[in-house]
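Student: Please take a close look at one part of this model for me. Keep it brisk, and define the terms as you go.

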Amino acid sequence: MNQRIAITGLGIISAIGNNQSDTLRSLLESQSGIGEMQFLDSIHHEFPVGEVKLSDAELKKLCQIDDESIIGRTTLLGILAVREALKEAQIEQVEKHKIGLISGTTVGGMEKSEQFYLDFLQNDLHNEYINIHDCGACTEGIVEHTGNFCFCTTISTACSSAANALIMGANMLKAGYLDIVVVGGAECLSKFHLNGFNTLMILDKTPCKPFDQNRSGITLGEGAGYLVLETEEHAAKRNVKPICFVSGYGNACDAYHQTASSPDGKGALLAMQKALKMSGLKPQEIDYINAHGTGTQNNDLSEGIAVQQLFTPVPPISSTKSLTGHTTSAAGGVEIILSILAMKNQFLPQNLNYQDKIEELNFEPIKSNMLNHPIQHFLKNSFGFGGNNSSIIISNNI
Amino acid sequence: MKQHNVYINGVGSISIQEEGALALPDWGEENYLRCIDPPFAQYISPALLRRMSKVVKRGIVSALLALKDGGIEMPDAIISGTGLGCIEDTEKFLSAMIEQNEQFLQPTHFIQSTHNTVSSQIAIMLKCYNYNNTFSHLGISLESALFDGFLQIKMGMLSNALINGCDEMTPDYHLMLKKVGFWKDTPFQMEDMYQAITSGTVAGEGCNSLLLSNEKNEHTYAEIKDIQLIHHRNNNNIEELLEDFLDKNGLTLSEIDAVMSGINGEMKNDAVYDKLYTEGENNPTQLIYRHLSGDFFTSSGFGLIQSAKVLKNQNIEPLLFRKENKKNKIRHILFHNHYKNSTHALILLSVCSN
């Protein structure tokens, strides 16, 4: 039992709060962070977004980083969340531990590259941003401002990146390669993503409506979410009480289409089955599902069909993307943390903007916050382009 | 926990090399070479080919070659590493977005731009619903993927895993990296690999795949004894960390027969290896590969394949030598790659006698 993977620290920033306590308040009040874009310099103001309510300059100030520093928004979001997670886990000096960082991201420093791309090719005005374009540079940037990690890598499986970072981290702990690992993801809004999703015609012009019959797409968001993992034994040795435990996880591939989910939700079902199998739990022991629930016609139906196949009846389920927007690579981290906050405060977070049941499905999502509702185990789905599907099961520590 | 052994049972490669024996390429004025592509139509149906970018096609073919070589049709896992992802499609979408001021854009290039496209397209082609992952961390992207597969086989979570390292070097990205000093601005000479006195390296690209398995059989090239990825910003103790790594595996540096290193003709890069492997006594034979593959974020895949072949065939192709210090049977090869001295990958490969 003492090889159980404990979660001992959380760090989060998204459209609904810059830290855990602000986030919890928004979550309890069902206060959405979705609105008209203020910081992203795009012509597409017809699409609402879930922005972190801070400019790059304000983020740098909050990070205590010189305003002149060459650093991307994704990295800044990551720094804040990693620092918060380390603090809660009582890790003051990173270099004193055998500790790693595994971070998920997809667009990397794109929000800077898209501003300076022509300069990169035509002149030497912004060459200093070339080195921060790629995903790995983002993670290295986070490390530079959070501590001397002895292991560090980056996972890029689109919207399931952070969940896959958790899986890799947990495996490394079990195999004894690390004592502690910080896992999660960070991603800022970019014109690249906004326009990309727009070409697929899967962006909603109103705040997203996951699991609604009339849902019409994604609302993009941004943020970062990181968790500190260590074995229960190691946490006990450090005298740190686990917040909760990672009971199971599964990664499967839908192997259907680069950007669409299969009609029968095969990859989703396999990922959930693997996670359940590892946890040793029965489907009826899952008290809450935090769905991937993007709000597209395709995802919510496919995910819903997979959930229905495994769970009878379907436990309370919601997509908190209706509050934060879809934070893409960070979503796995951000949404596991939202669910943990709900679990620790004994409520089930609502699925905003829901009206009508999806005809093909037999369940409805949570329509309003259900208070005084204990959660012992919850399941988190995180799916990505390319059919990279992952599910995580978290169990409370009471 | 029962620990399983991990073997390399298949390899596949698309590189700047012609098929057959290794040859030193003519690096030309630019020190920049692109892949010699196989006839893709022999491997991928025309309907699929039309939509795929170069790096995806190459990734699929190198993966199929490794599976065939290892005698496996359906891997337990597909794990890729890529430093830049599908950069050609990314550039196309980005340019169109800027030129057309975010209007009238087509989805094709966006769809193919995500880093996980190669892993995902291999899965779709094979109808492989198993574990699927993609790493993108600069010069250790492939090593991260290899480590993920190695770890899970060792722990018994997988019985085999297909590992791919894929990168393309587009002219635009080559130009960008030129501006930040990545490439040599003097014509490449073989002497650069022996004693680098200039900065910069030579640019290549490629896709290299390795099939890992817990089973030793007639396909086996070598055993992967251990892998350690070390991030050591601000530290200068790589010597100590290397010693710990070997010690953990019951070896000392003097028992290592050959080191396959990431020497690339860039003086700062190469100095790190020289300090470790040329200044002591009883130095291992030094093997090199980047003059044959070019340098790119996942070029280590090419070097790993060469190392696996050396162990299997007990024969070292002359072009791989930097310095021959030992002439005995090659039992252990230490594969060492570092990226800007901030991240090191140590991979211990050992011979398998059947």
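Tutor: What follows starts with one helix of chain B, then turns to the chain contact and to three loop residues of chain A.

This is a predicted model, in which local features need pLDDT of at least 70, side-chain atom pairs count only at pLDDT 80 or more, and totals for chains, interfaces and linings use all residues. Residues are numbered from 1 along each chain as its sequence is written, while chains are lettered from A and ligands numbered from 1 in the order in which they are written.

Start with helix H12 of chain B, residues 300–313. Helices here are DSSP runs of H or I with at least four residues, strands are runs of E with at least two, and both are numbered from the N terminus. H12(B) has 14 residues and reaches 20 Å from first C-alpha to last, close to the expected 20 Å. That expectation is 1.5 Å times one less than the number of residues.

How many of its 14 residues are buried? Eleven are, so the helix is mostly covered. Buried means that 20 or more other C-beta atoms lie within 10 Å of the residue's own; exposed means 12 or fewer, partly exposed is in between, and C-beta atoms are placed from the backbone. The buried set runs from Ser300(B) to Leu311(B) and includes Phe302(B), Leu304(B), Ile305(B) and Val310(B). Gln306(B) and Ser307(B) are buried too. Just after the helix, Gln314(B) takes a positive phi of about 50°.

Now the chain contact. Here 54 residues of chain B are in contact with 57 residues of chain A. Contact means C-beta atoms, placed from the backbone, within 7 Å. On the chain B side, H6(B) gives the most, with six residues. That side divides into 24 nonpolar, 23 polar and seven charged residues. Ala, Val, Leu, Ile, Met, Phe, Trp, Tyr, Cys and Pro count as nonpolar, Asp, Glu, Lys and Arg as charged, and the others, Gly among them, as polar.

Last, the backbone of chain A. Ala255(A) has a positive phi near 45°, though not a glycine. Its loop joins strand E6 (244–253) and helix H9 (266–279). Ala255(A) is buried, with 25 other C-beta atoms within 10 Å. Thr328(A) also has a positive phi, near 45°. This residue sits between helix H11 (321–324) and helix H12 (331–344) of chain A. Thr328(A) is buried, with 33 other C-beta atoms within 10 Å. The peptide bond from Thr312(A) to Pro313(A) is cis, with omega near -10°. Pro313(A) lies in the loop between helix H10 (297–310) and strand E8 (317–318).

Notes. Two residues are in contact if their C-beta atoms, placed from the backbone, lie within 7 Å.
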